[in-house]
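Visitor: Please take a close look at a single part of this model and then show me what surrounds it. I am in my first year, so explain each term when it comes up.

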Amino acid sequence: MTSPRRGPRKAQEIFATTLALLAEHGYDGLAVEAVAERSGVNKTTLYRWWPSKDALLAAALRDSDALEFSVPDTGTLRGDLRALIGLIRDLLTRPPSAQLVTAAFAAAPRRPELGGVMQAFFADRMARERPVFERAIARGELRADVDPVAIMDLLGGAIWFRVLLRSGEAGDGYLDELVDLVLRGTAP
């Protein structure tokens, strides 16, 4: 028996279907009925676990494996940051995650439940990334008073802005330059 937090037996299939439909049709085109049909689950089952489209999408974003990542440990702060922002770039530029992220984040300001999920998503990411900064402080590569959230906001925000708002490229050279710029300002 599954716990109420995780959903029904086919929860991962339902989440995968939800995210695939989001990527294909955007938030406005996502329908619970289509998720039920494609995943082979009764619509009433979905509504029993998730009372709305927003609740279902929030659960899919939070509990699916689609946006998972491994925190790097390259042995240097520069290497770890470069690997992390490479993952962010890939998330924003490679299908299907690019369409999924764009649709979810575009809908979040209009949908309070999704906005809360986005906040929790980024808090979870930062909690996972924190060891990168703890290791760097221990190695003497980073001042202890530097805010890791600010570093990730600067790096991640620059990529988001470049890719989503400027429709520009975020190639390897650009990522290297971003990391070097930030590290110059945070060195001990």
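Guide: A residue is called buried when its relative accessible area is under 20%, exposed when that value is over 50%, and partly exposed in between, using a 1.4 Å probe and counting protein chains only. Helices (H or I, at least four residues) and strands (E, at least two) are DSSP runs, numbered from the N terminus. This is a predicted model, in which local features need pLDDT of at least 70, side-chain atom pairs count only at pLDDT 80 or more, and totals for chains, interfaces and linings use all residues. Residues are numbered from 1 along each chain as its sequence is written, and side-chain values use heavy atoms, with hydrogens and water left out.

The part to look at is helix α4, which covers residues 53–63. In α4, 9 of the 11 residues are buried, so the helix is largely enclosed by the rest of the structure. The buried residues are Asp54, Ala55, Leu56, Leu57, Ala58, Ala59, Ala60, Leu61 and Asp63. They pack against α1, α2, α6 and α7, where a contact means heavy atoms within 4.5 Å.

For the wider setting, the chain has 9 helices and 0 strands. From the N terminus on, its elements therefore read α-α-α-α-α-α-α-α-α. Of the 188 residues in the chain, 44% are buried. The C-alpha atoms fill a box of roughly 60 × 40 × 25 Å along the principal axes. Among contacts between residues at least 6 apart in sequence, 67% join residues at least 24 apart.

One residue of α4 leads into the core. A nonpolar core is a set of buried Ala, Val, Leu, Ile, Met, Phe, Trp, Tyr and Cys residues joined through side-chain atoms within 4.5 Å. The largest one here has 59 residues, and Leu61 is among those with the most contacts inside it, together with Leu81 and Phe133. At least two residues of this core come from each of α1 (11–29), α2 (32–39), α4 (53–63), α5 (77–93), α6 (97–107), α7 (112–138), α8 (148–165) and α9 (172–186). In soluble globular proteins, nonpolar side chains tend to be buried together. Leu81 shows what such contacts look like: leaving aside neighbours within four places in sequence, Leu81 is in contact with Phe133, Ile151, Met152, Leu155, Val179 and Leu183.

Leu61 also borders an empty space, as one of the residues that line the largest cavity. On a 1 Å grid over the protein atoms alone, a cavity is a set of points where a 1.4 Å probe fits but cannot get out, and lining residues have an atom within 4 Å of a point. Grid points are joined across faces, edges and corners, and the volume is the space filled by probe spheres set on the points. By this rule there is 1 cavity of 30 Å³ or more, and the volume of the largest is about 70 Å³. Its lining consists of Leu61, Arg62, Leu67, Leu91, Leu100, Val101, Ala104, Phe105, Val117, Met118 and Phe121. Helices α4, α6 and α7 each give two or more residues to this lining, and α6 supplies the largest share, with 4 residues. By class, the lining has 10 nonpolar, no polar and 1 charged residues; Ala, Val, Leu, Ile, Met, Phe, Trp, Tyr, Cys and Pro count as nonpolar, Asp, Glu, Lys and Arg as charged, and the others, Gly among them, as polar.

Next come some details outside α4. Helix α7 holds Gln119, which counts as exposed because its relative accessibility is 61%. Gln119 and Ala108 are 11 residues apart in sequence, and their C-alpha atoms lie 10.0 Å apart in space. In the loop between α5 and α6 sits Pro96, and the peptide bond from Pro95 to Pro96 is cis, with omega near -5°.

Val41 is in the loop between α2 and α3 (43–49). Its relative accessible area is 13%, so Val41 is buried. Not counting residues up to four places away in sequence, Val41 touches Lys10, Ile14, Ala36 and Leu46. Val41 and Glu13 are 28 residues apart in sequence but 9.6 Å apart from C-alpha to C-alpha.

Another loop, between α8 and α9, contains Ser167. Ser167 is not a glycine, yet it has a positive phi of about 55°. With 63% relative accessibility, Ser167 counts as exposed.

Definitions and conventions:
On a 1 Å grid over the protein atoms alone, a cavity is a set of points where a 1.4 Å probe fits but cannot get out, and a pocket is an open set with protein on both sides within 12 Å along at least five of seven lines; lining residues have an atom within 4 Å of a point.
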